[in-house]
Amino acid sequence: MEKTLVFVLNCGSSSLKFSLIDSQSHDEVLSGLGDALGSDAPLIKYKYQGNKQTIDLPASATHQIAVDTIVTLLADLSLTDAVIAVGHRVVHGGELFTQSVVITDHVLSQLEQLSKLAPLHNPANIIGIKAASQAFPSLKQIAVFDTAFHQTMPEKAYIYALPRLLYKDHGIRRYGFHGTSHLYITQQAAAILDKPQDDINIISAHLGNGASVTAIKSGKSVDTSMGLTPLEGLVMGTRCGDLDPAISQYMIDQLDYTNEQVNDIFNKKSGLLGLSDISNDCRIVEERAEKGDALCKLAIDVFCYRLAKYIASYTVPLGRLDALVFTGGIGENSDMIRTKVIEQLTIFGFEVDAQANLSARFGKGGKITTTNSPIAMVIPTNEELVIALDAISLIEE
Ligand code: ADP
């Protein structure tokens with residue numbers, strides 16, 4: 001096999017997504033998920049040449065064991081020699097990283113410093129980097145940051161109205177996330193609209209379990225809905241998004257919640273799950289809403305209303321809007337959510353083309369508005385490809 005593959009690793013606290021991307025054909029040669037790491041029944045699921053397989057791991061298996069198992073798997077499939085780099089999704093690059101970098105000892109220590117900004121995410125990313133460095137000692141490891149694309153935001157967009165020292169001395173500001181996805185959407189939208197990337201103004205709505213919307217002017221992020229952490233902004237699967245910040249103090253002082261409980265509720269029990277009282281899975285909430293479940297209907301309404309308000313507000317920094325783009329699991333598949341959002345944007349002249357909207361699902365993108373309307377479209381995202389291409393460009397430097 002030709003030496004064209006990049007091993008892409010996305011480590012979460014108890015899971016690990018991986019794929020092998022062919023940097024020339026852009027195909028995903030293999031993809032998989034290491035799940036329930038550290039638990040009684042950890043496992044690896046993967047898909048190769050259309051076949052789905054599962055590998056059971058020993059109880060309490062760590063990220064290192066999972067990575068070592070994947071490395072053995074690649075060897076068994078005779079793929080190891082074709083791998084030329086390892087690309088890591090790293091959640092928080094703070095203000096230190098405005099683009100992807102080759103990981104050195106110095107970079108690793110910078111990532112460790114940044115862990116305090118993303119205590120749920122960066123430590124897992126670092127474990128993945130160390131495990132992959134051991135497993136592939138001769139390959140370069142590249143870090144691709146969720147925050148990097150948003151480093152072009154102007155200060156008026158990223159600064160909180162808090163005392164200056166909280167930013168200056170402690171780095172408290174808005175950073176934004178999902179940057180690799182928003183960048184990919186920008187590149188694709190430019191190609192589809194046949195415009196240079198530096199002359200494209202879009203609003204990109206990445207709606208997955210986590211969700212964020214970004215205003216992109218002249219190809220650069222100028223505002224985004226997530227903040228210091230991925231908790232701010234839109235209603236998400238289990239995250240509440242924007243709140244009155246006094247709510248946490250109220251819950252602690254008046255309702256006897258602990259700090260940890262409040263954190264857990266805001267991050268893991270809110271959003272679609274909290275509102276619907278049923279599920280964080282948009283498909284389930286939609287199905288129930290269609291059958292008349294009042295809380296599920298409300299959950300969808302709040303999700304769409306919040307998103308529509310954000311989209312409307314992002315016309316402010318843009319001036320001219322070339323397209324509104326939906327992506328992520330919900331954005332790429334839910335014609336219902338897209339319709340409900342666009343129907344609240346009629347003030348801008350948006351009008352859904354029902355048939356086109358129904359067609360743009362399950363991996364198929366396309367324009368979903370009528371000819372008289374401003375353009376809204378669906379573009380399936382591909383964060384792994386951005387990571388792989390960045391890794392290739394950095395090892396070739
Ligand atoms: P992650 O942020 O974990 O990468 P994804 O981008 O895969 O998440 O998005 C997961 C979300 O997409 C889930 O809420 C899921 O219900 C939703 N989703 C997937 N397919 C559909 C569909 N056909 N209709 C509505 N929602 C969908």
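**Exercise 1. Is S359 buried, partly exposed or exposed?**

Solution. The model is predicted: local features need pLDDT of at least 70, side-chain atom pairs count only at pLDDT 80 or more, and totals for chains, interfaces and linings use all residues. Residues are numbered from 1 along each chain as its sequence is written, and side-chain values use heavy atoms, with hydrogens and water left out.

Step 1. Take the cut-offs: buried is under 20% relative accessible area, exposed is over 50%, and partly exposed is in between (1.4 Å probe, protein chains only).
Step 2. The relative accessible area of S359 is 33%, so S359 is partly exposed.
Step 3. Place the residue: S359 belongs to helix α15 (residues 354–359). Helices (H or I, at least four residues) and strands (E, at least two) are DSSP runs, numbered from the N terminus.
Step 4. From S359 to C296 there are 63 residues in sequence and 25 Å in space, C-alpha to C-alpha.

**Exercise 2. Find the loop that holds F362, and state its phi and exposure.**

Solution. Step 1. F362 sits in the loop between α15 and β13 (366–367).
Step 2. Its phi is near 55°, which is positive although the residue is not glycine.
Step 3. With a relative accessible area of 63%, F362 is exposed.
Step 4. Treat A36 in the same manner: A36 is in the loop between β3 (28–35) and β4 (43–48). Phi of A36 is near 55°, a positive value in a residue other than glycine. A36 has 26% relative accessibility and therefore counts as partly exposed.

**Exercise 3. Compare the expected span of helix α1 with the distance between its end C-alpha atoms.**

Solution. Step 1. The expected span is 1.5 Å times one less than the number of residues.
Step 2. Helix α1 (residues 63–76) has 14 residues, so it should span 20 Å; the end C-alpha atoms are 20 Å apart, in agreement.
Step 3. The buried residues in α1 are H63, A66, V67, T69, I70, V71, L73 and L74.
Step 4. After α1 comes S78, with a positive phi near 55°.

**Exercise 4. Which residues does T180 contact, leaving aside neighbours within four places in sequence?**

Solution. Step 1. Contact means heavy atoms within 4.5 Å.
Step 2. T180 lies in helix α6 (residues 179–193), and its relative accessibility of 5% is why T180 counts as buried.
Step 3. The contacts of T180, with those neighbours set aside, are V144, F145, D146, E383, V386 and I387.
Step 4. Repeat for I284, which is in helix α10 (residues 282–290). I284 has a relative accessible area of 34% and is therefore partly exposed. With neighbours within four places in sequence set aside, I284 is in contact with I278 and S279. I284 and T258 are 26 residues apart in sequence, and 31 Å separate their C-alpha atoms.

**Exercise 5. Test the radius of gyration against the globule rule.**

Solution. Step 1. The radius is taken over C-alpha atoms, and the rule is 2.2 Å times the number of residues to the power 0.38.
Step 2. For 397 residues a compact globule would have a radius of gyration near 21 Å; the protein has 21 Å, so the two agree.
Step 3. Along the principal axes, the C-alpha atoms fill a box of roughly 55 × 55 × 45 Å.
Step 4. Of the 397 residues, 50% count as buried.
Step 5. Among contacts with a separation of 6 or more, 60% are between residues 24 or more positions apart.
Step 6. The secondary structure comprises 16 helices and 14 strands.
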